[in-house]
Amino acid sequence: MIAPEHEPSFRAAADYTYDWESWIGPDGKPVWINPAVVRMTGYTVAECLAMPDYPLPIVARRDRRRMKNLFASALAGSSGNDVEFQIAHRSGATIWMAISWQPICDDRGQGLGYRTSTRDIQQRKAAEAALRRSEQRHRRREERVRQRARELELLVRQRSEEVLRLEEQRAQMTKLAALGELAAAVAHEINNPLAGIKNAFRLVREEEINPQQHALLGLIDSEIDRISSIVRQMYQLYRYQPQTAIDFDLRIAIEQVCRLLEGAYKAHQGSVHVHLPESAAVRLPEGEVKQVLYNLIRNGLEASPDRAPLEVTLAVNDSTAFITVRDHGAGIDAETMPHIFEPFFSTKKHATHEGLGLGLSVSLNLVHAMGGTLEAESRPGDTTFRLTLPRNLSAS
């Protein structure tokens with residue numbers, strides 16, 4: 001206990017302590033509160049001493065249940081340090097505080113309640129909040145930097161791939177330009193003497209000949225036709241002149257092409273299964289459409305094994321015609337597939353007449369000129385070419 005003569009000095013020291021000090025008696029009621037409470041809460045010492053359940057009415061509503069449990073624990077003899085909570089200042093402001101407490105006993109160990117020391121930590125909490133906001137801004141900036149770095153990395157990769165692709169295209173175009181000039185020159189030089197040979201041969205066939213000679217002459221005639229076809233394809237690939245669009249029935253055009261190739265599919269005892277609508281009126285360059293169909297169906301027949309059917313399907317809507325040609329041959333491997341539309345690329349290495357590799361290139365050029373698309377997909381035992389054409393070229 002404090003000697004009576006020293007009590008005023010100790011009380012003066014307590015009263016002038018900067019923090020908000022309280023002594024709560026064993027009954028839970030305040031015994032003494034220092035004047036710092038006015039500065040920190042706006043409530044006078046007298047008001048606090050008369051306050052029911054002091055200091056709970058000063059505690060912010062959100063923290064009251066927690067602090068009530070803390071004060072009950074302190075009354076039971078616990079101690080603690082620097083527990084944060086908020087008070088409702090008399091002015092209406094909400095202020096952060098930190099409380100420490102410990103039990104009080106007399107010289108005989110008799111409990112006299114507990115004391116609390118509460119200090120204002122509003123500036124510290126504001127600094128912590130500012131630090132958190134700064135850290136959040138920093139994290140957001142870092143994330144934006146990382147995101148931008150990822151975007152730039154992706155852009156660089158895309159641009160690099162684009163540059164490589166353009167380089168490949170440029171090299172391919174240079175190659176095609178050189179081949180085109182050569183092909184056009186060769187075709188031009190071949191075409192004139194070929195026409196003379198064809199006319200002279202026609203005169204020879206009109207003479208009296210025996211059956212054996214007739215068969216040989218027929219073979220020569222077919223080979224001349226094949227040379228003419230190659231020359232025509234070269235011109236179409238490199239000196240393309242579009243034909244005039246006319247009205248015709250695409251269904252009938254497909255049937256006519258299939259009849260032209262009837263000998264080819266009978267040769268390997270196969271068949272062509274055609275799935276057509278009742279009619280499919282179109283306005284397109286008929287000769288070019290037939291040439292594309294001829295190339296696709298002939299390729300399908302040549303790829304098909306003996307007795308295997310070839311499927312040709314036509315479907316239409318108001319603006320577009322969709323044609324598929326599907327064979328059941330060995331298929332086209334993934335390494336070969338990207339090259340099948342390149343000029344002079346052929347997979348017919350073991351055919352009786354090795355292909356020149358112009359059919360699909362010419363077909364693709366013709367289809368693009370008509371505003372359509374030509375695509376292929378393949379797996380072992382199944383190759384499908386998908387041809388899409390506008391139904392009215394003049395309206396596309």
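The questions and answers below walk through salt bridges, helices, a charged patch and backbone features of a predicted model.

User: What kind of model is this, and from which number are residues counted along each chain?
Analyst: This is a predicted model: local features need pLDDT of at least 70, side-chain atom pairs count only at pLDDT 80 or more, and totals for chains, interfaces and linings use all residues. Side-chain values use heavy atoms, with hydrogens and water left out, and residues along each chain, as its sequence is written, are numbered from 1.

User: How many salt bridges does a search of the whole structure find?
Analyst: A salt bridge here is a side-chain nitrogen of Lys or Arg within 4 Å of a carboxyl oxygen of Asp or Glu. With that cut-off, the search of the whole structure gives a total of 23.

User: Asp82 forms a salt bridge with which residue?
Analyst: Asp82 lies in strand β3 (residues 80-88). Helices (H or I, at least four residues) and strands (E, at least two) are DSSP runs, numbered from the N terminus. The closest N and O atoms of the pair are 2.8 Å apart, and the partner is Arg119.

User: Why does the pair of Asp82 and Arg119 tie together separate parts of the sequence?
Analyst: Asp82 is in strand β3, while Arg119 is in strand β5 (residues 111-120). The pair therefore ties together parts whose separation in sequence is 37 residues.

User: Is Asp82 buried, partly exposed or exposed?
Analyst: Buried means under 20% relative accessible area, exposed over 50%, and partly exposed in between (1.4 Å probe, protein chains only). Asp82 has a relative accessible area of 28%. Its partner Arg119 has 33% and is partly exposed. Asp82 is likewise partly exposed.

User: What is the phi of Asp82?
Analyst: Most residues other than glycine have a negative phi. Asp82 is not a glycine, yet its phi is positive, at about 60°.

User: What distance separates the C-alpha atoms of Asp82 and Trp101?
Analyst: Asp82 and Trp101 are 19 residues apart along the chain. Their C-alpha atoms are separated by 8.8 Å.

User: Arg165 forms a salt bridge with which residue?
Analyst: Both partners lie in helix α5, three residues apart, about one turn of the helix. Arg165 is partly exposed at 37%. The other residue is also partly exposed, at 31%. The closest N and O atoms are 2.5 Å apart, and the partner is Glu162.

User: Which residue forms a salt bridge with Asp382?
Analyst: The closest N and O atoms of this pair are 2.6 Å apart, and the partner is Arg326. Asp382 lies in strand β12 (residues 382-390) and Arg326 in strand β10 (residues 320-327), so the pair ties together parts 56 residues apart in sequence. Asp382 counts as buried at 8%, whereas at 29% the partly exposed partner is Arg326.

User: Which residues do salt bridges that share partners join into one network?
Analyst: The bridge between Asp82 and Arg119 belongs to this network. Its members are Asp82, Glu84, Arg119, Arg124, Lys125 and Glu128.

User: Where is Arg132 found?
Analyst: Arg132 is partly exposed, with a relative accessible area of 43%. A positive surface patch includes Arg132 along with Arg133, Arg137, Arg139, Arg140, Arg141 and Arg144. Arg132 is found in helix α5 (residues 122-205).

User: How many residues of helix α10 are buried?
Analyst: Helix α10 covers residues 359-369, and it is largely enclosed by the rest of the structure because eight of its 11 residues are buried. Among them are Leu360, Val362 and Leu364. The count of buried residues is eight.

User: What span does helix α9 reach from its first C-alpha to its last?
Analyst: Helix α9 (residues 286-303) has 18 residues. Its expected span is 1.5 Å times one less than its number of residues, here 26 Å. Its buried residues include Val289, Leu293 and Ile297. The model's α9 is close to expectation, reaching 26 Å.

User: Which peptide bond is cis?
Analyst: Most peptide bonds are trans. This one has omega near 0°. Pro55 lies in the loop between α3 (45-49) and α4 (64-75). The cis bond runs from Tyr54 to Pro55.

User: Is Asp53 buried or exposed?
Analyst: Asp53 is found in the loop between α3 and α4. Its phi is positive, about 55°, although it is not a glycine. With a relative accessible area of 60%, Asp53 is exposed.

Definitions and conventions: Patch = residues over 30% accessible without salt bridge, like charges linked within 9 Å, V, L, I, M, F, W, Y side chains within 5 Å. Areas by Shrake-Rupley, 256 points an atom, 1.4 Å probe, with all protein chains shown as cover. Lys, Arg positive; Asp, Glu negative; His and termini not counted. Charge placed at Lys NZ, Arg CZ, Asp CG, Glu CD.
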